[in-house]
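Before looking at individual contacts, it helps to settle how the surface of a model is to be read. The paragraphs below go from single side chains to their pairings, and then to a nonpolar part of the surface.

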Amino acid sequence: MTLQVQSPIHGDSLADVLERILDKGIVIAGDISVSLVGIELLSIRLRLLIATVDKAKELGIDWWENDPRLSSRAGATGTENAELLERIAGLERAMTKMTDLREDLG
C-alpha cells in the first residue's frame, strides 16, 4: 500500500505571482531618517512602483519616454541641441566678422 501526502494549500508558481503583481502593480514606500541629538541629518524618501509599462501609463507615469538615455524619441532632442549649438556658433562667427569689418571701416 502506497501513501501519498497531498497538501490542501495550492502554491502558485513564481511566474503566476509575478504576473499578478505586474498586472495590478505594487507600490513600496518607505522613509529613512537619520538624526543626532534631535537634529535631522539625513532624510530619504523611497517610492517604488513595480508594474507593466501599460499599467504605469494607465496611472499617468511615463517619464522614460522623455529621458534621452532611455528613449530613441527623446534622443532626438540631443541631436536638435547639437544642431542649435552649431547654429549659435555660426552666428557668433558671423557677428565677429561684422564687428571686425565695422572697425576696419570706421
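A residue is called exposed when its relative accessible area is over 50%, buried when that area is under 20%, and partly exposed in between. The structure shown here is a predicted model, and the values that follow are computed from it. Aspartate 31 has a relative accessible area of 55% and therefore counts as exposed. Arginine 45, at 62% relative accessibility, is likewise placed among exposed residues because its value is over 50%.

These two side chains are joined to each other: arginine 45 forms a salt bridge with aspartate 31, and the closest N and O atoms of the pair are 3.7 Å apart. The contact links distant parts of the chain, since arginine 45 lies in strand E2 and aspartate 31 in strand E1, with their positions 14 residues apart in the numbering. The cut-off that matters for this assignment is 4 Å between a side-chain nitrogen of Lys or Arg and a carboxyl oxygen of Asp or Glu, and by this rule the count comes to five salt bridges.

Another of these pairs is formed by glutamate 65 and lysine 57, whose closest N and O atoms are 2.9 Å apart. Is the acidic partner, glutamate 65, buried or exposed? With a relative accessible area of 19%, glutamate 65 is buried, because the limit for that class is under 20%, whereas lysine 57 is partly exposed, with a relative accessible area of 43%. A further salt bridge connects glutamate 86 with arginine 93, the closest N and O atoms being 3.4 Å apart, and arginine 93 counts as partly exposed at 48% relative accessibility. Salt bridges that share partners also join Asp31, Arg45 and Arg47 into one network.

The surface has a nonpolar side to consider as well. A nonpolar patch of about 840 Å² is made by Ile32, Val34, Leu36, Val37, Ile39, Leu41, Leu42, Ile44 and Leu46. The elements that give two or more residues to this patch are strand E1, covering 26-36, and strand E2, covering 39-50, and the largest share, five residues, comes from E2. One of the patch residues, isoleucine 32, has its place in strand E1. Isoleucine 32 counts as partly exposed because its relative accessibility is 42%, and a residue enters a patch only with over 30% relative accessible area and no salt bridge. Strands E1 and E2 thus carry the pair of arginine 45 and aspartate 31, and both also give residues to the nonpolar patch.

How values were computed. Residues are numbered from 1 along each chain as its sequence is written. This is a predicted model: local features need pLDDT of at least 70, side-chain atom pairs count only at pLDDT 80 or more; totals for chains, interfaces and linings use all residues. Side-chain values use heavy atoms; hydrogens and water are left out. Patches are made of residues with over 30% relative accessible area and no salt bridge: like charges are joined within 9 Å, nonpolar side chains (Val, Leu, Ile, Met, Phe, Trp, Tyr) within 5 Å. Accessible areas come from the Shrake-Rupley method with a 1.4 Å probe; for residues, only the protein chains shown count as cover. Helices (H or I, at least four residues) and strands (E, at least two) are DSSP runs, numbered from the N terminus. Buried means under 20% relative accessible area, exposed over 50%, partly exposed in between (1.4 Å probe, protein chains only).
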